[in-house]
Amino acid sequence: MYPAHIRKEISCDGKVTYSFQSVAEHCRNTAKYASEALKDVGLEKTAYLAGLLHDTGKYTVRFKRYVEDAVINEKEVKRGSVNHTFAGVKLILTKHAKYVGTNDLQDLTIELIAYAIGAHHGLFDCIKDKDESAFAYRLEKENIDSEEAIENFYNECASEDEIEKLLLEATAEIKNLADIIVSIDRTEDDEEHEIPFYYSLVCRLLTSAVIDADRKDTMEFEKNEVTKQVSLDWSKALENFNSYIENFKTDRDIDLARKEISAACAVAAQKPEGVYRLNVPTGGGKTLSSLRYALEHAKKYHKKRLFFVMPLLSIIEQNAQEIRKAVQDDSIILEHHSNVIDDENSDVEELNKRELLMQSWDNPIIITTLVQLLNTMFLGKTSSIRRFSSLCNSVIVFDEVQSLPNKMLTLFNLTINFLVKKCHATVILCSATQPSFENAEHKLLSEVSDLITLPSETLKVFERVELVDKGSMSMEELSDFALEIIRSKKSLLVVCNTKREAKELFENLQAEVNNTVPMYHLSASMCTKHRKMIVESMKIDLSLPDPKQIVCVATQVIEAGVDISFNCVIRLQAGMDSVVQAAGRCNRNGENKLESVYIVNLLGEKLHRLKEIETAKGATESLLQEVKLKKHYTSLNSDAAISFYYRKLYSKMDKGEQDFLVPNLHKSLYGLLNQHDVADGYFLAQQLKTAGKYFNVFDNITVEMIVPYGKGQDVISELNSEKAMYNFVYAEEVIKKATGYTVTCYQYQIEKLKEGNKDAPVIYNDYFGIYILNDSAYYDDKLGLNLDAIGGEGVFY
């Protein structure tokens, strides 16, 4: 027997036994799971064939010895030292390419399947150095026992006739796919057409299905149990939702307006699949309205999953809590903030067990961040690629979509086009300041339309604040201005652009008020559990019959998804989208007739690490000057004013800047994924590995670090235990608990903590690939991670 995996088991009396999974069993299981993942999008047979062939290379004596040495003989073996991905590529490219050069569609089908097989342990570039095809390289590679593997595969797993039949069926699927891709290419110049980019997404989709199926079956074998399928019943979830909202109060005009918006979203759910804008004013009950739409739409069109995507800087726990209350079934919800495990995507072809512990997106309702969604679309790590196929046949709700970095406009727009037109996704773009995606260099689908239209009477209810330009101030002047407001007995929120600004202002004000007013701080230096506790404390203070006067100094993390209402807000000058979001935390429920939101330009502000904020701040300054000089706009947050802001913002971008330029490559990621040049007669030439390597949402490399806040200390102790090292199920549960106790750090900050420190407070658990802050002295109960100890500017993410 040729084993794909071997599991070591130790009984209570110490007896050691081994269980074996054959390559045939693993390949069949992988094929089945991959096929199920893409059945809804018309790529069932293509995915099945890729999954069936993915581990052909394990049918060799050399691999059998390798896996036996690693598990049974407990020898030290070099991970990935036996190549097992090239054989499947060679099989499909040589044994079944009967019509090469005469049947373009079958040739293309073969290449797409070959790519998914060859990339299931890591992406590769279709063109190598000197314009050599990576497929040709895999055919010519010596000393990998391909012929032995192929012969054994045919004898023990699948016959040539079965592969040939599957290939013909897959080719028919790719023909339909090709027709769709041609229809969504909006460019007229052949030299600039987007078709190769869309095929790079097909490569990613097929690879994703194979990776997820491979990991799922491997995990089931390692745990010796079949994954429990979460039951999916949209009717029941919708019934729970309706019972939850039917008792909502309607005492105020704003409550009636929210009810009207919710009802309109329920009606709009009958509209066909597509891309829609949901332009709801801040405080309009967008979370529950979009959930109502998604549940109704999923029920009507038999959607597999719902995704609720929150912006980079938001606190998603509050929205997650609201969704959980409404759906009343925690078993169907996954709240995925970050990848606690550091998944290094390398050329090593053997599966590392830590990859099995990475979260997949199997649940019917996924609540995640924009960072994780963008990583799923473009990052090169296998844990991110794995999730891409989960987006098929889903509803994807982007909350505060204006927070998408402008450098990603092209990648984002074209990927959304693909998901909607090929993958049967319905996409909702939520924002009170809608970006002009349809006017980008590479456009979003032209038929994008408003999900609902609100009458002017409803919109007037949300006119609760006045935006006031207060000009420029130094930090000292800003502190004095904030103290004036505090002395007027009003609750105050100040939103800063950087963590260092927020920390300095917080400490200045804390020293002045001297415990006479409750002071709170909120930033991404704090883990999500810590931020949630702070928000809940502030809500209690503000919701008392006689509300307390409180002061909060925060970064942008408070601007989106935080249902809280202050009497007054100061927003340091940034993009108008951020200013309007901050305004949504003021007089949110119409407690008073009209309150002020002050825009302050902080003198001497250092934003050189935050170029997007700096550019957006400049566009806002242009709007403020336009208002001063010409008095064009009755309100700074009117649709006309926001439209002017986005025109200014986009006008500041050079040609190609929306394509995700990589300066040291002198290329863009779009260019790498839209590669036209062919080599050795092959169709695919895209450089997916290079694009995945250089993709990043942030300008610097970031990692997640577990911090000793609250029960985070217990999580750290459990991860460091011997039980976690040897009990796979226990380790999986501990890692799930860790997600609420992590802080995102730049790699240079981690290195700074280690620098010259014999007893470094940061340790790296190599077994799990996890960074851990092992010293509580570096985590402050009020400010979170101690930036002074780390050094460098406090930038937020």
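## Exercises on sheets and a surface patch

Leu 493 stands opposite Cys 552 in β13. The model is predicted.

**Exercise 1.** Work out which strands pair with β11 and where the side chains of β11 point.

*Solution.*
- Step 1. Start with β13 (residues 551–554). It runs parallel to β11, and 4 bridges join the two.
- Step 2. Turn to β14 (residues 568–572). This strand also pairs with β11 in the parallel sense, over 4 bridges. Here Val 495 stands opposite Arg 571.
- Step 3. Sort the side chains of β11 (residues 492–495). Leu 492 and Val 494 point one way, Leu 493 and Val 495 the other way.
- Step 4. Recall the general pattern: in a regular strand, side chains alternate between the two faces of the sheet.
- Step 5. Check burial. Leu 492, Leu 493, Val 494 and Val 495 are all buried.

**Exercise 2.** Find the edge strands of the sheet with 7 strands, and place helix α13 on it.

*Solution.*
- Step 1. Write the order: β5-β6-β4-β7-β8-β3-β9. The sheet is open and the pairing parallel.
- Step 2. Read off the ends. β5 (333–336) and β9 (449–450) each have a single partner strand, so one side of each lacks a neighbour in the sheet.
- Step 3. Place α13 (residues 316–327). The helix packs on the sheet and touches β4 (305–310), β5 and β6 (365–369). Its direction makes about 180 degrees with that of β5.
- Step 4. Inspect the β9 end. Strand β3 (residues 275–278) pairs with β9 over 2 bridges, in the parallel sense. Tyr 276 has Ser 449 of β9 as its bridge partner.

**Exercise 3.** Describe the sheet with 4 strands and the helix that lies across it.

*Solution.*
- Step 1. The order is β19-β18-β21-β20, in an open sheet with mixed pairing.
- Step 2. The edge strands are β19 (742–746) and β20 (762–765), each pairing on one side only.
- Step 3. Neighbouring strands are turned by 40 degrees against each other on average, direction ignored.
- Step 4. β20 and β21 (residues 770–773) pair in the antiparallel sense over 4 bridges. Tyr 764 has Tyr 771 of β21 as its bridge partner.
- Step 5. Add helix α30 (residues 747–754). It lies across β18 (702–706), β19, β20 and β21, at about 95 degrees to β19.

**Exercise 4.** Explain why Met 725 can count towards a nonpolar surface patch.

*Solution.*
- Step 1. Locate Met 725: it sits in helix α28 (residues 722–726).
- Step 2. Apply the cut-off. Patch residues need over 30% relative accessible area. Met 725 is partly exposed, at 31%.
- Step 3. Name the patch. Met 725, Tyr 726 and Tyr 767 make a nonpolar surface patch of about 350 Å².

Note on methods:
Residues are numbered from 1 along each chain as its sequence is written. This is a predicted model: local features need pLDDT of at least 70, side-chain atom pairs count only at pLDDT 80 or more; totals for chains, interfaces and linings use all residues. Side-chain values use heavy atoms; hydrogens and water are left out. Two strands pair if DSSP finds at least two bridges between them. Contact means heavy atoms within 4.5 Å. Axes are lines fitted to C-alpha atoms, for helices over the stretch in contact, and angles run from 0 to 180 degrees between N-to-C directions. Patches are made of residues with over 30% relative accessible area and no salt bridge: like charges are joined within 9 Å, nonpolar side chains (Val, Leu, Ile, Met, Phe, Trp, Tyr) within 5 Å. Accessible areas come from the Shrake-Rupley method with a 1.4 Å probe; for residues, only the protein chains shown count as cover. A salt bridge is a side-chain nitrogen of Lys or Arg within 4 Å of a carboxyl oxygen of Asp or Glu. Buried means under 20% relative accessible area, exposed over 50%, partly exposed in between (1.4 Å probe, protein chains only).
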